[in-house]
Amino acid sequence: MGWDPITFCTDHAFRYYLPGLIRIALTESGEDNYLEQFLWHLGYVADGYDRFAACSAEEREVVMQALDWLLENRSEDIEQECASEDLLFALERWAEASG
């Protein structure tokens, strides 16, 4: 994992790129996949950086569906990336905040 410009984009820009980021996280596998970084963006919260708060209810639902799909279909990649905790944290965070 290296430098990721998505970290520095505005919430509006993140929402614009979100469908593409989801697609990349769901489809790319192997050594250079985006999964771990994607999960980080969904789980990280700091002063002024909370991607959940920026998303609409519809966008939140799509993210939850993507996270559920990852859990069901990409468990091997998730374990290989040591991202199980990140995925579970993102699922908890988005589920709690959604409802």
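## Contacts that hold a helical model in view

A polar contact of 2.7 Å connects the side chain of Asp-4 with that of Tyr-34, where a polar contact is a pair of N or O atoms within 3.5 Å, and within protein one atom must be able to donate a hydrogen and the other to accept it, while residues adjacent in sequence count only if both atoms are side-chain atoms. The model is predicted, and for this reason local features need pLDDT of at least 70 and side-chain atom pairs count only at pLDDT 80 or more, whereas totals for chains, interfaces and linings use all residues. Residues are numbered from 1 along each chain as its sequence is written, and side-chain values use heavy atoms, with hydrogens and water left out.

Asp-4 is found in the segment before helix 1; helices are DSSP runs of H or I with at least four residues, strands are runs of E with at least two, and both are numbered from the N terminus. Leaving aside neighbours within four places in sequence, Asp-4 is in contact (heavy atoms within 4.5 Å) with Tyr-34, Gln-37 and His-41. Asp-4 is buried yet has no salt bridge, and Arg-51, the nearest side chain of opposite charge, is 8.4 Å away. Here buried means under 20% relative accessible area, exposed means over 50%, and partly exposed lies in between, with a 1.4 Å probe and protein chains only. For charge, Lys and Arg count as positive and Asp and Glu as negative, while His and the chain ends are not counted.

A salt bridge is a side-chain nitrogen of Lys or Arg within 4 Å of a carboxyl oxygen of Asp or Glu, and by this rule the count comes to two. The table gives both pairs.

| Salt bridge | Closest N to O | Elements | Separation in sequence |
|---|---|---|---|
| Asp-11 and Arg-51 | 2.9 Å | helix 1 and helix 3 | 40 residues |
| Arg-15 and Glu-59 | 2.9 Å | helix 1 and helix 4 | 44 residues |

Asp-11 counts as partly exposed because its relative accessibility is 31%, whereas Arg-51 counts as buried at 1%. Arg-15 is likewise partly exposed at 31%, and Glu-59 is buried, with a relative accessible area of 18%.

Helix 2 (residues 35-43) is largely enclosed by the rest of the structure, because seven of its nine residues are buried. Among them are Gln-37, Phe-38, His-41 and Leu-42. The largest nonpolar core, a set of buried Ala, Val, Leu, Ile, Met, Phe, Trp, Tyr and Cys residues joined through side-chain atoms within 4.5 Å, has 26 residues, and those with the most contacts inside it include Phe-38, Leu-42 and Trp-94. Helix 1 (11-27), helix 2, helix 4 (57-73) and helix 6 (84-98) are the elements that give two or more residues to this core, and the largest share, six residues, comes from helix 1. Apart from neighbours within four places in sequence, Leu-42 is in contact with Phe-14, Val-63, Leu-67, Ala-90, Arg-93 and Trp-94.

A search of the whole structure finds two aromatic pairs, with rings of Phe, Tyr and Trp (its six-membered ring) pairing if their centres lie within 6.5 Å, and with planes under 30 degrees apart counted as stacked, over 60 as edge-to-face and the rest as tilted. The Tyr-16 and Tyr-17 rings are edge-to-face, because their planes stand at 85° with the centres 5.1 Å apart. Phe-52 and Trp-94 also form an edge-to-face pair, 4.9 Å centre to centre with 85° between the planes. Phe-52 lies in helix 3 (residues 51-54) and Trp-94 in helix 6, so this pair ties together parts that are 42 residues apart in sequence. Both Phe-52 and Trp-94 are buried.
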